[in-house]
Every structure is written in C-alpha cells, then in structure tokens.
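Please open the structure in your viewer and keep the sequence beside it. The stops below are meant to be selected one after another.

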Amino acid sequence: MSKPIYVLGGPNLNLLGTREPEIYGRETLEDIHNRLKELAGDIPVEARQTNFEGELVSWIQEAAREASAVILNAGAYTHTSVALYDALRACKVPVIEVHLSNPAAREAFRQVNYVSPAVKASIAGLGAYGYELALMAAKALSGK
Ligand code: DQA
C-alpha cells in the first residue's frame with residue numbers, strides 16, 4: 001500500500017461554500033476533498049482541516065513520517081506562523097502550498113508568507129482548481 005498524500009487545511013476553511021464566496025468560491029471543503037479522492041484513484045488521500053495552529057504543526061510532523069507528499073492550505077496561519085515555518089523546514093517530503101485566492105494581490109498583511117519559503121511549490125488564485133493541480137504535482141513528486 002502506497003503512502004498517502006496528506007491534504008491539510010488551516011483555519012476557517014471549514015466555512016468554505018458560505019465564507020466570502022466571491023473570494024473563495026461556492027464549493028465546500030468536503031466537495032474539494034471528495035474530488036481529490038476521486039482524482040487520486042488508488043493513491044490514498046488523507047484530508048483534514050483544523051482551526052488550531054498547534055494541531056496543524058503536529059499534522060505536518062506526522063506527514064513528514066507518514067505521507068508521500070503534502071498539499072497545504074494554511075489559511076491565515078500562512079501569514080503569521082513561525083511554528084509552521086519551522087515544521088515545514090523539518091519536513092522532508094514535498095509540500096505544495098495552495099491558496100484559493102491570490103494573497104499577493106490582496107491586503108498588505110497577506111503579503112507576508114511564512115509558508116512559501118519552506119515548501120517545494122505554491123499555487124494561488126485558481127480557486128478549487130489549484131487543489132487539482134497540486135494533486136497532479138504531488139503525484140509526480142512522490143513518484144506515482
Ligand atoms: C487563503 C488565503 C489566506 O490569506 C486566508 O487567510 C485564508 C484562505 C486562500 O485559500 O485563499 O483563510 O489561504
């Protein structure tokens with residue numbers, strides 16, 4: 001059995017579908033996770049979301065041991081979390097950062113990013129489609 005691809009989501013992503021749909025779209029996180037599981041075929045997908053920074057850090061540590069690749073949307077922790085940066089630096093499996101919106105084109109506080117410097121690649125501004133692209137990349141990077 002191959003190692004799973006972890007799909008990890010940070011704070012407020014549980015509100016997708018109703019949260020500022022003009023920015024984040026109308027699909028729920030469950031919709032996105034279900035589509036990734038379909039597209040992944042026989043590769044297991046471990047999809048989780050948390051509103052807690054420490055939990056996200058622990059999941060990245062777990063993924064470093066258990067996953068073949070990680071797709072990460074850290075939500076607002078992207079812009080604040082040194083703990084996340086440190087966990088990602090220690091994680092030797094490929095991590096692909098995803099954002100539904102393009103933070104670089106938004107408020108000034110979203111220009112700060114603690115995730116991008118510590119990951120393999122970043123995809124932003126393509127809505128839920130960004131997750132599909134990240135899955136393709138995760139498969140390629142993990143040699144599947
Ligand atoms: C987000 C962008 C972040 O700036 C924001 O805090 C989010 C969602 C995105 O997917 O566009 O919660 O990560």
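Helices here are DSSP runs of H or I with at least four residues, numbered from the N terminus, and by that rule Tyr129 is found in helix H5, residues 129-141. Bear in mind throughout that this is a predicted model.

Begin by selecting Tyr129, which counts as partly exposed because its relative accessibility is 45%. Then add Leu126 and Met136 to the selection, since the three residues Leu126, Tyr129 and Met136 form a nonpolar patch on the surface, with about 320 Å² of accessible area together.

Next, show the whole of H5 and check its length: its 13 residues should span 18 Å at 1.5 Å a residue, and its end C-alpha atoms are indeed 18 Å apart, which agrees. Within H5, colour Gly130, Tyr131, Glu132, Ala134, Leu135 and Ala138, which are buried. What do the buried residues of H5 pack against? Display strand S1 (5-9), helix H2 (29-40), strand S3 (69-73), strand S4 (95-99) and strand S5, for these are the elements that they pack against. Just past the helix, select Gly143, which follows H5 and has a positive phi, near 75°.

From that list of partners, move to S5, residues 121-124, where Ile123 is found. Is Ile123 buried or exposed? Its relative accessibility is 15%, so Ile123 counts as buried. Leaving aside residues up to four places away in sequence, Ile123 touches Ile96, Glu97, Val98 and His99, and also Gly130, Leu133 and Ala134. For a distance to try in the viewer, pick the C-alpha atoms of Ile123 and His79, which lie 15 Å apart in space and 44 residues apart in sequence.

The last stop is H2, which has 12 residues and reaches 16 Å from its first C-alpha to its last, close to the 16 Å expected at 1.5 Å a residue. Select Leu29, Ile32, His33, Leu36 and Ala40, the buried residues of H2, and turn the view to look down the helix axis: these buried residues fall within an arc of 95°, so they line one face of the helix. On the other side of H2, Glu30 and Glu38 are exposed. The buried residues of H2 pack against S1, strand S2 (45-49) and H5, which brings the tour back to the helix where it began. Before closing the session, select Gly41, which follows H2 and has a positive phi, near 60°.

How values were computed:
Residues numbered from 1 in each chain as written. Predicted model: local features only at pLDDT ≥ 70, side-chain atom pairs only at ≥ 80, totals over all residues. Heavy atoms only, no water. Helix = DSSP H or I, 4+ residues; strand = E, 2+ residues; numbered from the N terminus. Buried < 20%, exposed > 50% of the residue type's maximum accessible area, 1.4 Å probe, protein only. Contact = heavy atoms within 4.5 Å. Patch = residues over 30% accessible without salt bridge, like charges linked within 9 Å, V, L, I, M, F, W, Y side chains within 5 Å. Areas by Shrake-Rupley, 256 points an atom, 1.4 Å probe, with all protein chains shown as cover. Salt bridge = Lys/Arg side-chain N within 4 Å of Asp/Glu carboxyl O. Expected span 1.5 Å × (residues − 1). Arc of directions from axis to C-beta.
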